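Work through the following exercises with the sequence and the model side by side, attempting each task before reading its solution.

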Amino acid sequence: FIYINRGALEAAQDEAQIAGVIAHEEGHVVMRHGTHQASEMILAQAPLSILAVLLGQSSSLARQLTQLGLSFGVNSILLRNSRNAESQADEVGTYILHRAGYDPYGQAQFFGILQKKYPRQTIQFFSDHPNPGNRIRNVDDEIPRLGPKKDWKTDSPAFQAVKQKLQKMPPAPKRTPQK
């Protein structure tokens, strides 16, 4: 299942932009990123568990420092792979949009909207994602490779009706910060 949250619907200005969000998530599914990440986590944790047993007899400080160093290394590798997965999902999403008849520039436009509308959240969100400016440029560069420009669908009355209905609803509850 792919879920789209209310914030994404509120932020999107047209149907092609929200289609870009969905196509990006479909890209993750097609490329099996979730399965790959789960496998990597298992493979990364196994050596740490073995090392923890081996270090169990050494000093507590040495054990903690070693685990901290290894965890940092594993997290760095997973972060790089996460960024690669995001770039792949952007590329596959662009292809999906193009094939579906939606304006593939909508995906890049949505990245720009997020960056402008939610600068603080964007920094946190993109900490494990490629830089938004690079993502926009990469999507824009990919589109001409997919073929000639078509009469792409950008918006529909149905999407705008959903947005109007959403605007009439009470605001979404505010999240309380976790301590």
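**Exercise 1.** Which residues of α5 are buried?

Solution. This is a predicted model, in which local features need pLDDT of at least 70 and side-chain atom pairs count only at pLDDT 80 or more, while totals for chains, interfaces and linings use all residues. Residues are numbered from 1 along each chain as its sequence is written, and side-chain values use heavy atoms, with hydrogens and water left out. Helices are DSSP runs of H or I with at least four residues, numbered from the N terminus, and α5 covers residues 105-117. Taking buried as under 20% relative accessible area, exposed as over 50% and partly exposed as in between (1.4 Å probe, protein chains only), one finds Gly-106, Gln-107, Ala-108, Phe-110, Phe-111, Gly-112, Ile-113 and Leu-114.

**Exercise 2.** Determine which elements give two or more residues to the largest nonpolar core.

Solution. Such a core joins buried Ala, Val, Leu, Ile, Met, Phe, Trp, Tyr and Cys residues through side-chain atoms within 4.5 Å. The largest one has nine residues, among them Ala-8, Ile-18, Phe-110 and Phe-159. The contributing elements are α1 (6-11), α2 (15-30) and α5, and α5 supplies the largest share, three residues.

**Exercise 3.** Classify the ring pair of Tyr-105 and Trp-152.

Solution. Rings of Phe, Tyr and Trp (its six-membered ring) pair if their centres lie within 6.5 Å, and planes under 30 degrees apart count as stacked, over 60 as edge-to-face and the rest as tilted. With centres 6.1 Å apart and planes at 65°, the pair of Tyr-105 and Trp-152 is therefore edge-to-face. Tyr-105 is partly exposed at 28% relative accessibility, whereas Trp-152 is buried at 11%.

Technical notes. Expected span 1.5 Å × (residues − 1).
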